[in-house]
Amino acid sequence: MKELLLAEWERLWKRKVTWLAFLLVPVVLLVASSYLQKQNGVITVDLPQYTFAGNFPVLSLAEMLFTVFNAMFLIFITLVVTGEYRSGQLRMVMIRSYSFKEIIIAKAAVLLLFNLLFFITYFCMSYAIGFLMFEHPQTYSVFYQSHAFNAKEAFVYNLSFYGYAYLTTIAICCVLFFISVISKTTTTAVGIGVAFILISFSYPTLLTGFKQWISQELFGQLFFTSVPMIQWQGITVMMAEKPQFVGWNFGVLGFYILLFGSLTFLAVRKKESFL
């Protein structure tokens, strides 16, 4: 299994799109910094959304997590799973006495490791670009916190935010992985994946139209059944001075991971019996 993991890791890095993803990190951060600089021009410095060097890692990630990150994982998982399966590359690997299930497990592990490495790179480069592009005062305001944070407190907060964000992408990856395993073509996999992400954006937005008729607690619970909404607002709410929806959001993420992880396992077993 160790040899299979290493082989899948090497296969991933032979793809140009893998290197391109990492080369685009500074580009994405510069785009985010440009947007946030413009935002700074129309808001006051005492607001938590005003960007400084210390909060740039979180604000730049919040802008990109539920859009760029999810889109990138959709492309990667489709190429690595559906693309290789339909092109016959997986059969070549299976000739080396590995089962379909072992190959899929290895691919999932490699993608999660790639995901983690991407987060670490984004975190480090966001600090570097943040210090080059923004002011770095002693303290500044943070969302849902009554006191201003210094650099040390901000670093711990930023690190925790990235930890939560990484967990949400695992849930997204589980869904996209299942879609890729059951799809017969890469076009189908991308289409269903895009539909899943768009629906996850749409129904919480539609739900706001009924907000006045339901309790705040129930509205929040329904709103955060969507993983992209947890990425967009849920993490900040969970990390507030008075945290909200922590158990609920962890439950939702756990539900997605267990449900789609199990469905992928069943789909792989079914496919393996026909190979």
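In helix α10 of this predicted model, the residues V227, P228, M229, I230, Q231, G234, I235, T236, V237 and M238 are buried. Because 10 of the 12 residues of α10 are buried, the helix is largely enclosed by the rest of the structure. The helix, which covers residues 227-238, also falls short of a straight course: its end C-alpha atoms are only 14 Å apart, whereas a straight helix would reach 16 Å at 1.5 Å a residue.

Helix α10 also takes part in the lining of the largest pocket, since it is listed with α3 (25-40) and α4 (56-87) among the elements that give two or more residues to that lining. The pocket has a volume of about 380 Å³ and is lined by 15 residues, of which L59, A62, F143, W232 and T236 lie nearest its centre. The largest share of the lining, five residues, is supplied by α4. Sorted by class, the lining consists of 10 nonpolar, four polar and one charged residues.

Aromatic contacts were also examined, and the count comes to 31 aromatic pairs. In one of these, the ring centres of F22 and F114 are 5.6 Å apart and the planes stand at 80°, so the pair is edge-to-face. Because F22 lies in helix α2 (residues 16-23) and F114 in helix α6 (residues 100-133), this pair ties together parts that are 92 residues apart in sequence. Both F22 and F114 are buried. A further edge-to-face pair is formed by F149 and Y157, with 5.7 Å from centre to centre and 85° between the planes; F149 and Y157 are likewise buried.

Definitions and conventions:
Residues are numbered from 1 along each chain as its sequence is written. This is a predicted model: local features need pLDDT of at least 70, side-chain atom pairs count only at pLDDT 80 or more; totals for chains, interfaces and linings use all residues. Side-chain values use heavy atoms; hydrogens and water are left out. Helices (H or I, at least four residues) and strands (E, at least two) are DSSP runs, numbered from the N terminus. The expected span of a helix is 1.5 Å times one less than its number of residues. Buried means under 20% relative accessible area, exposed over 50%, partly exposed in between (1.4 Å probe, protein chains only). Rings of Phe, Tyr and Trp (its six-membered ring) pair if their centres lie within 6.5 Å; planes under 30 degrees apart count as stacked, over 60 as edge-to-face and the rest as tilted. On a 1 Å grid over the protein atoms alone, a cavity is a set of points where a 1.4 Å probe fits but cannot get out, and a pocket is an open set with protein on both sides within 12 Å along at least five of seven lines; lining residues have an atom within 4 Å of a point. Grid points are joined across faces, edges and corners, and a volume is the space filled by probe spheres set on the points. Ala, Val, Leu, Ile, Met, Phe, Trp, Tyr, Cys and Pro count as nonpolar, Asp, Glu, Lys and Arg as charged, and the others, Gly among them, as polar.
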